[in-house]
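Notebook open, structure on screen. I want to go through the helix packing and then a handful of single residues.

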Amino acid sequence: MMTFDNADELHKIKKWHANPQMVLRELTDDSRSLCRFGVKFGAHPEVTRSLLQLAKDLDIEVVGVSFHVGSGCFDASAFHDAVVTARKVFDEAAELGMHLEMLDLGGGYPGADCSTGITFAQIADVLRPALASMFPATRIIAEPGRYFVSNAYTLAVNVHARRVVEAKDQEAAKSFMYYINEGLYSSFNCLYFDHAHVSPKVLVKDGVYVHGQEVGNGETHACSIWGPTCDSMDVITRDGQLPELDVGDWLYFDAMGAYTVAAASTFNGFRRCHVIWTNTEAHRLLI
Ligand SMILES: Cc1ncc(COP(=O)(O)O)c(C=O)c1O
């Protein structure tokens, strides 16, 4: 099964595949998502009928419709609108004598941290009645990505260098620059590609495992956190607040499973991070 959203794709498939099953990917209004896909993928509603007609003329079987509202969707109504558009495509196909049997709801669901402000349950509340009324007898599938993996990974990083930035005057406080072993070119590529916001917490301080605990007396200092490469763009945060750290301490970042290590590079010769799979309670995990 393959998706298509333009005529060239159908002609290519016709040339190279004997018996394809095709899914028409519709264009959605992705303005309610952090990562927008519409500029690259999706057939505009004005051309879906002619694409279906072309598939029919080429004797290519179209089995369904798919959409992706964009990743990191923050408004559940985007799913409703996409289902309405899909219904229109199903009706066009029926008018052409084609029977579509599958609707693919794509991705766009939040990670378990719900950083986009909506929950999976809120999206389900929108989708359930829409599907019941518009697609009562259609096979429904989806392609959740972030939803499954976001909370599956915690990223632990080591502070391998620091620099104290002395206060400019007596009223200002000193701040710190910390350099860690993961950056924008590795797991934190999500800051650039995925519009992510990350939040560091202290994992190991002076050799003591402090996950989930208050460090010191709760005193914090302004800090910036930098990745390991030569590039000054390689910065994780410029306005952090953390207890004073030393070289050798560890930080951790929750919910780092989606669009992170999968797209990490080895730029500047730094290896990709090591993944440790565990079902051990966090407080028992030894680094
Ligand atoms: C075709 C397709 N399906 C599913 C996904 C997963 O999306 P998400 O992580 O937003 O659920 C993507 C992500 O790019 C995609 O391109």
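**Entry 1: H1 against H2**

I started with who touches whom here: Ala 7, Leu 10 and His 11 of H1 meet Leu 51, Leu 54 and Ala 55 of H2. I sorted that contact by class and got five nonpolar residues, one polar and no charged. Note to self: this is a predicted model, and everything below is read from it.

Next I looked up the geometry. The H1 and H2 axes come within 10 Å and cross at roughly 15°. Angles under 35 degrees count as roughly parallel, and H1 and H2 are therefore roughly parallel to each other. I noted the hand of the H1 and H2 crossing as right-handed.

**Entry 2: the buried side of H2**

Which residues of H2 are buried? I find Thr 48, Leu 51, Leu 52, Leu 54 and Ala 55 on that list, with the helix running over residues 48–57. Looking down the axis of H2, I see the buried residues fall within an arc of 160°, so they line one face of the helix.

What covers them? My list includes strand E1 (2–4), helix H1 (7–16), strand E2 (21–25), strand E4 (61–66) and H3. The H1 contact from Entry 1 fits in here: Leu 51, Leu 54 and Ala 55 meet H1, and these three are among the buried residues of H2.

I also checked what comes after the helix. H2 is followed by Asp 59, which has a positive phi near 60°.

**Entry 3: H2 against H3**

I moved on to the other helix on that covering list. H2 and H3 pack with their axes 10 Å apart, at an angle of about 40°. That makes H2 oblique to H3. This crossing is right-handed. On the H2 side I wrote down Thr 48, Arg 49 and Leu 52, and on the H3 side Lys 88, Val 89, Glu 92, Ala 93 and Glu 95. By class, the contact of H2 with H3 has three nonpolar, one polar and four charged residues. Thr 48 and Leu 52 were already in my notes as buried.

**Entry 4: H3 against H4**

Staying with H3 (residues 77–95), I looked at how it meets H4 (residues 120–134): the axes come within 9 Å and cross at roughly 20°. That makes H3 roughly parallel to H4. I have H3 passing H4 in a right-handed crossing.

For the contact itself, I listed Phe 79, His 80, Val 83, Val 84 and Arg 87 from H3. Their partners in H4 are Ile 123, Val 126, Leu 127, Ala 130, Leu 131 and Met 134. The class tally for H3 with H4 is nine nonpolar, one polar and one charged.

**Entry 5: two strand residues**

Val 23 sits in strand E2. Is Val 23 buried or exposed? Its relative accessibility is 3%, so I put Val 23 down as buried. Leaving out residues up to four places away in sequence, I find Val 23 touching Met 1, Met 2, Thr 3, Phe 4, Val 63, Gly 64, Val 65, Ser 66 and Met 102. I also took a C-alpha to C-alpha distance from Val 23 to His 80: 19 Å in space, with their positions 57 residues apart in sequence.

Glu 61 is in strand E4. At 42% relative accessibility, Glu 61 counts as partly exposed. With the same sequence neighbours left out (up to four places away), Glu 61 touches Pro 20, Gln 21 and Met 22. The C-alpha atoms of Glu 61 and Leu 34 are separated by 34 Å, and the two residues are 27 apart along the chain.

**Entry 6: positive phi in loops**

Last, I looked at two more positive phi values. His 195, a residue other than glycine, has a positive phi near 55°. I place His 195 in the loop between helix H6 (190–193) and strand E10 (200–205). At 40% relative accessibility, His 195 counts as partly exposed.

Asp 206 also has a positive phi, near 50°, and is a residue other than glycine. Its place is in the loop between E10 and strand E11 (208–209). How accessible is Asp 206? I get 55% relative accessibility, so Asp 206 goes down as exposed.

Definitions and conventions: Residues numbered from 1 in each chain as written. Predicted model: local features only at pLDDT ≥ 70, side-chain atom pairs only at ≥ 80, totals over all residues. Heavy atoms only, no water. Axes fitted to C-alpha atoms, helices over the stretch in contact; angles between N-to-C directions. Helix = DSSP H or I, 4+ residues; strand = E, 2+ residues; numbered from the N terminus. Parallel < 35°, antiparallel > 145°, perpendicular 65-115°, else oblique. Left-handed = near helix turned anticlockwise from the far one by under 90°. Contact = heavy atoms within 4.5 Å. Nonpolar A, V, L, I, M, F, W, Y, C, P; charged D, E, K, R; others polar. Buried < 20%, exposed > 50% of the residue type's maximum accessible area, 1.4 Å probe, protein only. Arc of directions from axis to C-beta.
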